[in-house]
Structure formats: structure tokens, C-alpha cells
Amino acid sequence: MRFLVTGGAGFIGSHLSRELVRRGHSVVILDNMLHACAAPPLTVPGRLETRIGDIRNEELMVMLAADSEMVLHLAAHINVDLVNIQPRFGVDVNVNGTLNVLEVCRRLDKSMLYMSSSEVYGAVTGKPHDEHSPTNPPHPYGATKLAAEKLATAYRSCYGMKILTSRSFNTYGPGQSLDSYGGFISKSIIRALTGEPVVVFGDGKQTRDYIHVHDLVEGLIAQIDRMLPGPVVFASGAERTVETIAEYIAEKWGQAGVSYIGPRRGELARLVGDSSYAKEALKWEPKTEFYGEGLESVWRQIKVDMRL
């Protein structure tokens, strides 16, 4: 099968693209390289190619989608802080860009997967978030992801399109960007390895649900194989405080401890997911041990990327 993966040079997209190729599929990546991971996928003649461009370019999208059987739409203006700073650009890319992808898929009669986010929810106040939890994003980034998700759902209902939706919780693993907008896990390990304190926003009591990128990719491919519309929540189900994670990383790989700074705007106090539906419908389970192969995989890749 031939896939067009938008955002395929990004963190999750690069892992998904590589795994699809490993399983015998062919992949065309469309990415503007603004949020490319530390080591984007290399070209494999006849199997994997990368085109640098923008999802808002209708002509380019039509050309690439026409030769593909399914579009996996992961491209986005990512990072809560970055979209808080540039909300207009966030809306243009995440909402208008997704609208362009949807229109191209409708015109060419292509199936599509839309990669949403746990950021569409507000903070957990009771049980963990699942597919039926209320959506109430507290910041512009979450609002753009929810708006795009609603568009995808509307296109599926109105036009009878085959559109899948996935909601991933905090994803970590090897290959995240090494710049200032990389994930908390990778940034914390980099700071520890370079002799700087691990930085925690607020008091560190906020909780997160971290899922390893390899587990997420397994889930996404299972959803694609079964064409399960969703939304499907992919989470580890394990709730951990940011403070505990920071202290573990600082102790294991650093010498400068943990530094606490002011809270971030829009920071959620509690975020954890319930993947019961994915486990039942897709026979999927997250397998990577967080305080083990999970963090170790990030550490190993950073050592290679930074030549430490």
C-alpha cells in the first residue's frame, strides 16, 4: 500500500513512516521541515521519498495524494507554548491546513487518518480521559487540534469519507527534536547530560501520561489495518508527576538537580488517558516500560545525536 504522510519528518511521523516501510509499504513524506525530528527518515529508492512543502499548497497536495492510496495527516504547528505565541499561524496551519487536506482527499476519494491530541481535553477531574470525555481545551493549540478534528468528523458524516481519528497522549521516545521546542523528556535528559539542572514549570505536581512512540505507532497501524473510525485514545494509562520524572532523570544522568520556575500559561494540573477501547477493538497494549527501556531509548539516541 502507498501512503502519503504529512509531517512525516516529525517525531511521530518519522517513526510511523519507517515502520510502514519496514512492513513492506511505500511512503511519500510531505513536510516543511520546521519541526523535523533529530534524524528524519532517509530516502529509500522506490519505497520512501521526502518532499519539502506545505500542506496548505493545494496543487502539491493533489499531486502527491493522487499517487497514494491513503493520507496520514500528522502535520501541524506543534507545541502548546509556540501556538500560544503565534495563535494566528497555529490556526492557519492546524485548521486551514487540515481543511485543505480534507478537501484534497474528498476530491480524489482518498481515505485519511487525522492525528489529534490529548490537548483537546481539559484537565482530568475524575476518571481518566477516554473517547467520551468532554473536550474543553484551555489553550489555542488544543483549540486548533479540536477544530480540525471536528472538521474531519463532519467530512466523514457529510460526505461519507473514510476518515480515522486518533488521540495520542504525551508521546516520548528516541528522535525528538533537540531544539527548544522538543518534548519534556528529551529536553530534560539533554540538560542532565550537559551539566544543567532539569527544569520544571510550577511545583511539578502536575501529572502526565507518557506513551512511548513505538507503542503509539503499533496502535496507529492497527487502527489503519482495521479502518477503525475513532476517535481512538492511545495512552499508557500510567499517571506520573512531572516532578518525579525530573528527579529521576536528574539523579540518573545529571549532577545539577532540578530547578523550579514559574508555571506555564495553560498548564493542566492532571492529564491521564484510558485506552480501554483501543485494547478491546485493536487488541493493542502499550508494552514499553517507562523507567526502563522507555527512558533508556531516549538517552541512547541523544548520546548519538549530540555525540556525547
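**Exercise 1. Asn79**

Task: In this predicted model, decide whether Asn79 is buried or exposed, and state what stands out in its backbone.

Solution:
- Start with accessibility. The relative accessible area of Asn79 is 16%.
- Apply the cut-off. Buried means under 20%, so Asn79 is buried.
- Place the residue. Asn79 sits in the loop between β4 (70-73) and α3 (80-85).
- Check phi. For Asn79 the angle is near 85 degrees, a positive value in a residue other than glycine.
- Set that against the usual pattern. Most residues other than glycine have a negative phi.

**Exercise 2. Met33 and the bond before Pro231**

Task: Find the sign of phi at Met33, and say what the peptide bond from Gly230 to Pro231 is.

Solution:
- Phi of Met33 is near 70 degrees. That value is positive, and Met33 is not a glycine.
- Met33 belongs to the loop between β2 (26-31) and β3 (48-52).
- Its relative accessibility is 30%, so Met33 counts as partly exposed.
- Now the peptide bond. From Gly230 to Pro231, omega is near 10 degrees, and the bond is cis.
- Pro231 is in the loop between α7 and β11 (232-234).
- For context, most peptide bonds are trans.

**Exercise 3. Cysteines**

Task: How many disulfides does the structure hold, and why is Cys158 not bonded to Cys105?

Solution:
- The count of disulfides is zero.
- Take Cys105. It is in no disulfide, and its nearest cysteine sulfur, that of Cys158, is 15 Å away.
- Recall what a bond would be. A disulfide is a covalent bond between the sulfur atoms of two cysteines.
- Apply the cut-off. The two sulfur atoms must be within 2.5 Å.
- Now take Cys158. The closest cysteine sulfur, in Cys105, is 15 Å from its own, so the pair is too far apart for a bond.
- Add the surroundings. Cys105 has 1% relative accessibility, so Cys105 counts as buried. Cys158 has a relative accessible area of 56% and is exposed.

**Exercise 4. Helices α1 and α7**

Task: Describe how α1 and α7 pack, and list the residues that meet.

Solution:
- Choose the descriptors. Two packed helices are described by the angle between their axes and the distance between the axes.
- Read the geometry. Helix α1 (residues 11-22) and helix α7 (residues 213-226) pack at about 60 degrees, and their axes are 10 Å apart.
- Classify the angle. At that angle, α1 is oblique to α7.
- Give the hand. The crossing of α1 and α7 is right-handed.
- List the residues. α1 brings Phe11, Ile12, His15, Leu16, Glu19 and Leu20. α7 brings Val213, His214, Leu216, Val217, Glu218, Leu220 and Ile221.
- Sort by class. The contact of α1 with α7 has nine nonpolar, two polar and two charged residues.

**Exercise 5. Two helix residues**

Task: Which residues does Thr144 contact, and which does Arg191 contact, leaving aside neighbours within four places in sequence?

Solution:
- Thr144 is in helix α5 (residues 140-159). Its relative accessible area is 2%, so Thr144 is buried.
- Beyond its sequence neighbours, Thr144 contacts Gly90, Val91, Asn94 and Val95.
- Arg191 is in helix α6 (residues 184-193). With 25% relative accessibility, Arg191 counts as partly exposed.
- Beyond its sequence neighbours, Arg191 contacts Glu196, Pro197, Val198 and Val199.
- One further distance: the C-alpha atoms of Arg191 and Ile249 are separated by 9.5 Å, with these positions 58 residues apart along the chain.

Terms used. Residues numbered from 1 in each chain as written. Predicted model: local features only at pLDDT ≥ 70, side-chain atom pairs only at ≥ 80, totals over all residues. Heavy atoms only, no water. Buried < 20%, exposed > 50% of the residue type's maximum accessible area, 1.4 Å probe, protein only. Helix = DSSP H or I, 4+ residues; strand = E, 2+ residues; numbered from the N terminus. Contact = heavy atoms within 4.5 Å. Axes fitted to C-alpha atoms, helices over the stretch in contact; angles between N-to-C directions. Parallel < 35°, antiparallel > 145°, perpendicular 65-115°, else oblique. Left-handed = near helix turned anticlockwise from the far one by under 90°. Nonpolar A, V, L, I, M, F, W, Y, C, P; charged D, E, K, R; others polar.
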